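Student: I keep meeting labels in structure descriptions. Can we go through some of them and test each against its rule?

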Amino acid sequence: WKREFNLLGALDLNHIEWIVTKETYDFNPIHTENLKKYPISSVCVDFMVDENFSDTKYLENYFKPICDLVRKNKIQCLTIPLLEKSSVVDYDMCDRWANVIYPYLYDYRDIKFLIEAELGIDELESLLISDNLGITYDTGNITSFGLDHELYIDSFRTDINQVHIKDRVRDTLETVIPGEGDTDFSLIFNKLKSINYDGLYTLQTARENDGDEVETIEKHKQIIEGFYNEKSI
């Protein structure tokens, strides 16, 4: 993992979103390493994509320790994925999750919690009740979920703190090479520019071949920069 940070400069990138999965939770270096010197933009608590994501004890055992470590390492943001097993599309489930998560928002006022969710605009708006709660806008997830990107950006223009750059095919969970799916990056970037978005951009593109990660990142970054630099009509 240290090598990944060492490669940032050569790739002309300036941050990495740290991920904590359930399968490797106990062995994640976040428990033992001093991460203050590394350019970590956010910690993604991937272990929350679990059937127990709204269980109080589960959060005490897994979520709270990571909140403490995010604070200890002075990392500004923590991303909570509400996807697949942790979906809150169901109203009762959404209400149950909100009741267990909101106390953490008040206990950790120094952390910006970012929700990454496949939800309708009204449903997502109803969750944003704290000033330290924002949104990670995943371009691929919004495409596959079938939401209007322009309307989404307009609705959350002051709440989007991070943009995950991902291309997907509509109505599927398939992540593809940027430009090969249904995500209209030209429209997205022009809309983000129009609201003067100046937050994080994080590449979360298709992995392609194992062992070719550096070449893949360079290629995908070039594709994305092409879309970003296009002039609006």
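**Labels and their cut-offs**

Tutor: Start with D12, which counts as exposed at 58% relative accessibility. A word on the source before we go on: this is a predicted model, where local features need pLDDT of at least 70, side-chain atom pairs count only at pLDDT 80 or more, and totals for chains, interfaces and linings use all residues. Residues are numbered from 1 along each chain as its sequence is written, and side-chain values use heavy atoms, with hydrogens and water left out.

Student: Why is D12 called exposed?

Tutor: Buried means under 20% relative accessible area, exposed over 50%, and partly exposed in between (1.4 Å probe, protein chains only). D12 has 58%, so the label is exposed.

Student: What is the phi of D12?

Tutor: D12 has a positive phi of about 60°, although D12 is not a glycine. Most residues other than glycine have a negative phi. D12 lies in the loop between α1 (2-7) and β1 (16-19). Helices (H or I, at least four residues) and strands (E, at least two) are DSSP runs, numbered from the N terminus.

Student: Which label does E208 get, buried, partly exposed or exposed?

Tutor: E208 has 31% relative accessibility, so it counts as partly exposed. Its phi is also positive, near 60°. E208 sits in the loop between β9 (200-203) and α8 (213-228).

Student: What makes R109 and D131 a salt bridge?

Tutor: The rule asks for a side-chain nitrogen of Lys or Arg within 4 Å of a carboxyl oxygen of Asp or Glu. For R109 and D131 the N to O distance is 2.6 Å, so the pair passes. R109 lies in the loop between α3 (91-107) and β4 (112-117), and D131 in the loop between α4 (121-125) and β5 (133-138), so the pair ties together parts that are 22 residues apart in sequence. R109 is partly exposed at 40%. D131 is exposed at 59%.

Student: How do you know that D154 and K191 form one too?

Tutor: Their side chains meet at 3.0 Å, N to O. That is within 4 Å, so the rule is met. This pair links distant parts of the chain: D154 in helix α6 and K191 in helix α7 (residues 185-194), 37 residues apart. D154 is partly exposed at 31%. K191 is buried at 16%.

Student: How far apart are the closest N and O atoms of D182 and R170?

Tutor: They are 4.0 Å apart, and the pair counts as a salt bridge. D182 lies in the loop between β8 (175-176) and α7, and R170 in the loop between β7 (167-168) and β8, so parts 12 residues apart in sequence are tied together.

Student: How many salt bridges does the rule give?

Tutor: The count comes to 15. D12, K221 and E225 are linked in a network of salt bridges.

Student: How many disulfides does the structure hold?

Tutor: Zero. A disulfide is a covalent bond between the sulfur atoms of two cysteines. The test is a pair of cysteine sulfur atoms within 2.5 Å.

Student: Why is C44 in no disulfide?

Tutor: The closest cysteine sulfur, in C77, is 12 Å from that of C44, too far for a bond. C77 is likewise in no disulfide. C44 is buried at 7%. C77 is buried at 9%.
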